[in-house]
Every structure is written in C-alpha cells, then in structure tokens.
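Me: I should like to go through this structure slowly, and to ask at each step what justifies the words that are used for it.

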Amino acid sequence: MSSNASEAASRNSESFRTGVQPVSFWVATDTHYLDKALQDGGPAFQSYVSGGDGKMLPYSDELMEALIHDAEKAKPQFLILSGDLTNNGEASSHTELAAKLKRIEEQGTSVYVIPGNHDLFNPWSRSFKDDKQIIAEHITDADFTELYADFGYNEAISRDKNSLSYAVNAAPGLWLLMIDSSQYMNNLKYGFPQTDGRVLPATLAWMNDCVKLAAEQHASIITVMHHNLLSHTSMPVSGFKLNNSQETMTALRKDNLNLVLSGHIHMQDIQQDPLAGQTAADGSEVTPVFDIATSAFAVNPHQYGAMTFDPSSRKVTYTTASVDVGGWAADNGIKDPNLVNFTAYAEKSFAEGSYNKAMKNLAESGLSEAEKQSMAEMMSALNVNYFAGTAGSNAEAIKAMPGYQLWQNQKEGFMSGYISSMLKPKELSNTELELTLTTQ
C-alpha cells in the first residue's frame with residue numbers, strides 16, 4: 001500500500017468516523033459494446049443479430065450514449081461495470097468504450113471495471129461487412145489494464161499479482177473488491193472463449209489481505225465479479241456459477257463479506273446463500289450472503305442496478321432502473337422512431353425474437369399451427385418477464401395464458417422444465433434489496 005493510498009484511506013476513515021452523507025452508485029454488466037465501425041448493417045450482421053441471444057447490437061452505441069446521458073443527469077458517485085464490456089473482445093470496441101467511460105468520469109462519476117469471459121484473447125472477435133464476418137483484432141490482459149487504467153487500476157489500493165483483480169476505495173467508508181473471475185489464457189488455443197469462471201486460490205488469499213486493510217480503515221466492502229457466486233436457475237446449466245463457488249463462499253464468510261454483485265447469466269435475479277438462517281457450530285446465526293445478478297445491459301429491458309450506501313449504518317439498497325434511451329434521443333434531437341420510442345421498440349424486438357425461436361423449436365412437434373402460435377406467445381411473454389426479473393411477480397398471469405398448459409403437456413424435453421423453473425415461486429424480490437454490510 002503506497003503512502004498516498006494510506007493517507008487517502010486515513011482521510012476516508014476519518015470521514016467515516018465523523019459521519020458522511022449516503023452515496024449513490026450504479027452497477028451495470030454485460031454491456032457487450034460493439035464499435036459501430038465494425039458493422040455495416042448488412043446481411044452478415046443481421047444474421048448474427050437474429051441468431052443471437054437478444055442483444056441489442058444494432059443500437060449498442062446509442063445505449064451507451066444514453067447511459068452517459070443518464071449519469072450526467074443523476075450524477076451517481078461511481079459506476080461499476082462487471083465484465084463482458086464488449087461483444088467479443090474487439091480491440092476497437094474496447095477503445096471506443098474506454099473513450100465513452102472517460103466522458104462519464106469527466107461528468108464527475110468514477111468508473112470501475114473488470115473483464116468478463118468475452119473481453120480478452122477472444123478468437124471470436126469479428127467485424128461484419130456485406131455477407132461476410134471478418135476476423136477482428138482482439139486484446140490481451142496487458143492491453144486491458146492499459147486501456148482501462150483510469151477506470152480502477154490507477155486508483156487501486158491493492159492489485160492482485162495473479163489476476164486482473166484489484167481493491168479500490170470507491171467512497172468514504174466503502175471499498176470494492178473487483179474480482180477477475182474469468183479464464184481467458186487458453187482461449188486462442190481452444191479456438192473459443194472459455195465461458196466458465198473461478199477465483200484463484202491466490203486471489204482468495206489476496207482478498208483476505210485486502211479485508212484486513214479495510215478493517216483498519218473501518219471500511220465496508222462489496223465484492224464484484226463477472227461470474228455468479230450462487231445458482232440463479234434451478235436448471236442444470238453449467239458455466240454461470242463459479243467452478244469453485246463453495247471454496248469462494250467459505251472465504252467470503254471467513255472475511256465477513258455478505259454482498260456480491262455479478263452478471264454473466266444475463267437475467268435479473270437475486271439469490272441468498274442457502275445456509276442463511278441456519279445456526280453455526282458456535283450457536284450464532286449464519287449471516288446471509290447475497291448474490292445480485294444484474295441483467296445484461298445489452299438485453300431488454302436494458303437495465304442497471306441503482307444503489308445507495310450509508311456509511312453511518314452500513315446499509316445498502318439496490319433497485320433496477322432502465323436506461324432512458326428515449327429521453328436521450330429527445331434531448332439530442334434524434335428522430336429515429338426506434339430510439340424515440342425505445343422502451344416499446346426494445347420489448348417488441350425481444351418478444352418477437354423469443355416468439356420466433358419458440359416457433360422454430362416447435363416446428364417438428366406435430367401440433368397444430370394455432371397451438372404452436374399460442375405456445376410461442378406464452379414463451380415470448382415469459383422471456384420478457386424472466387430477463388427483467390419479474391416472472392415471479394407476474395406468474396399467475398403467465399400461467400393463465402392458453403399456451404402455458406400446452407407447454408405443460410409436453411412432458412419430455414428441455415422447454416417444459418425450463419418454463420417451470422422460470423415460474424418457480426420465490427419469496428425474495430429479484431429487482432430490489434436492502435441489507436446491512438457486515439463489519440470486518
């Protein structure tokens with residue numbers, strides 16, 4: 001820890017002791033930004049978008065501009081971007097995004113980033129011209145820390161020697177542990193970006209050292225990583241939860257860290273460690289550990305987490321907020337009707353994509369056309385709610401749709417189980433949370 005960092009930490013510790021006002025900050029994830037110059041809107045790009053997972057790539061640049069606009073108006077103290085910053089790690093996408101983040105900082109909002117599984121050494125980096133996909137330049141881990149030096153790495157109180165993780169004093173009384181959970185060093189050898197993640201044992205040890213430093217300054221800690229600490233779906237899917245989630249959970253509990261902000265899975269979901277509410281061996285109650293997976297910014301409803309932290313009580317609040325693309329368009333005199341009416345346009349586009357995929361899935365089902373359409377309509381409505389984190393609260397209305405029972409009649413196959421998992425009752429809200437950070 002440098003002398004300058006130590007002095008800064010001491011000043012922030014004093015501010016914490018004497019009392020400061022609550023701070024507001026945002027967390028966004030999976031922005032999947034694509035440099036506009038890498039696509040011409042032609043057949044190759046349109047095919048790529050329609051065959052994808054719902055990312056609003058044609059308006060990737062406008063979404064980021066709207067986020068800058070929102071930040072300028074609301075002035076959050078800082079913005080966290082928790083990985084998959086770019087579509088597929090294109091060098092020019094990183095360069096353009098870094099320039100936009102600089103504008104956010106010039107408005108008075110600090111920015112802190114970590115990489116995701118799409119961002120580094122990605123052999124799938126592509127540009128799109130006419131009917132062709134063309135290999136685009138990717139970046140390395142060294143490139144990443146240089147491009148994003150001003151967005152966490154230069155301000156770091158401590159940096160992990162074994163990964164791109166770092167600790168930063170984001171606000172008086174609040175540190176962030178920005179954890180690099182992605183695996184990317186073998187991507188070029190494999191020929192594809194590795195999806196699954198882990199936290200290295202050496203990084204867990206480094207985190208423990210950071211916790212001790214934070215305790216000396218009476219600071220609370222929020223942990224940020226791209227991959228999920230907890231499971232956010234009951235379906236047997238791999239690659240989202242950390243490979244060593246149990247080991248990481250043990251380390252978090254040892255260090256009294258009870259809040260993780262993650263992304264990766266693209267849907268909005270808040271989970272609580274299953275051990276919560278149980279009694280430990282010493283008779284004390286096990287403190288809940290929460291993992292907030294914020295939905296992908298690149299996917300409808302294009303939202304982020306709006307958060308607050310109160311240093312005096314250590315209380316944190318979280319609620320979802322959708323980026324105001326329509327407001328940005330109106331303020332800048334933009335006439336594109338898709339942007340002026342972006343909320344409706346984005347939902348319609350996402351719903352149509354879900355409908356078309358469901359119809360394709362049902363093509364060989366032997367059902368009547370009317371039955372297939374009814375089932376696709378239900379699946380479309382479910383996906384719109386599921387990715388927004390509102391499927392549980394709207395479950396009864398979705399189950400009342402004619403297509404729901406038709407799906408339930410499909411006893412075999414992935415889709416019926418997928419639907420049941422999406423509508424599974426849950427007491428905890430997926431879109432808002434209030435908790436108190438544990439002391440170190």
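Reply: Let us begin with the vocabulary: strands (E, at least two residues) and helices (H or I, at least four residues) are DSSP runs numbered from the N terminus, and two strands pair if DSSP finds at least two bridges between them. The model is a predicted one, in which local features need pLDDT of at least 70 and side-chain atom pairs count only at pLDDT 80 or more, while totals for chains, interfaces and linings use all residues. Residues are numbered from 1 along each chain as its sequence is written, and side-chain values use heavy atoms, leaving out hydrogens and water.

Me: What is the order of the seven strands that form an open sheet?

Reply: The order is S6-S7-S8-S9-S10-S12-S11, and the pairing in this sheet is mixed. Strand S6 (158–159) and strand S11 (269–272) are called its edge strands, since each of them pairs on one side only.

Me: What makes strand S10 and strand S12 a pair?

Reply: Strand S10 (residues 259–262) and strand S12 (residues 290–293) are joined over four bridges in the parallel sense, and the definition asks for at least two bridges, so they count as paired. Within this pair, Ser262 stands opposite Ala293 in S12.

Me: Which strands does helix H8 lie across?

Reply: H8 lies across S6, strand S7 (166–171), strand S8 (174–179) and strand S9 (220–225), and runs at about 175 degrees to S8. Such angles run from 0 to 180 degrees between N-to-C directions, and axes are lines fitted to C-alpha atoms, for helices over the stretch in contact.

Me: How do you know that the span of H8 agrees with its number of residues?

Reply: The expected span is 1.5 Å times one less than the number of residues; for the 16 residues of H8 that gives 22 Å, and the end C-alpha atoms are 24 Å apart, which agrees. Buried residues of H8 (under 20% relative accessible area, with exposed over 50% and partly exposed in between, using a 1.4 Å probe and protein chains only) include Leu204, Trp206, Met207 and Val211. Among the elements that cover the buried residues of H8 are S6, S7, S8, S9 and H9. Just after H8, His218 takes a positive phi of about 55 degrees.

Me: Why is H8 called roughly parallel to H9?

Reply: The axes of helix H8 (residues 201–216) and helix H9 (residues 245–254) come within 10 Å and cross at roughly 10 degrees. That makes H8 roughly parallel to H9, because angles under 35 degrees count as roughly parallel, over 145 as roughly antiparallel, 65 to 115 as roughly perpendicular and the rest as oblique.

Me: Why, then, are H12 and H13 called oblique to each other?

Reply: Helix H12 (residues 342–361) and helix H13 (residues 369–388) pack at an angle of about 135 degrees, with their axes 8 Å apart. That angle belongs to none of the three named ranges, and H12 and H13 are therefore oblique. Their contact (heavy atoms within 4.5 Å) is made by residues including Phe350 and Tyr355 of H12 and Met379 and Phe387 of H13.

Me: What is the hand of the crossing of H12 and H13?

Reply: The crossing of H12 and H13 is right-handed, a word used if the near helix is turned clockwise from the far one by less than a right angle, and left-handed is used if anticlockwise.

Me: Why are H3 and H4 called roughly parallel to each other?

Reply: The axes of H3 and H4 come within 9 Å and cross at roughly 15 degrees, and H3 and H4 are therefore roughly parallel. Their crossing is right-handed, and residues that meet there include Met64 and Ile68 in H3 and Leu97 and Leu101 in H4.

Me: Which elements do the buried residues of H4 pack against?

Reply: They pack against H3, S2, S3, helix H5 (141–147) and helix H6 (149–153). Leu97, Leu101 and Ile104 are among the buried residues of H4, and just after H4, Gly108 takes a positive phi of about 110 degrees.

Me: What is the order of the six strands that form an open sheet?

Reply: Those strands follow the order S3-S2-S1-S13-S14-S15, with mixed pairing. Strand S3 (110–114) and strand S15 (432–436) each pair on one side only, and are the edge strands.

Me: How many bridges join strand S14 and S15?

Reply: Strand S14 (residues 315–322) and S15 pair over five bridges in the antiparallel sense, and the bridge partner of Thr319 is Glu432 in S15.
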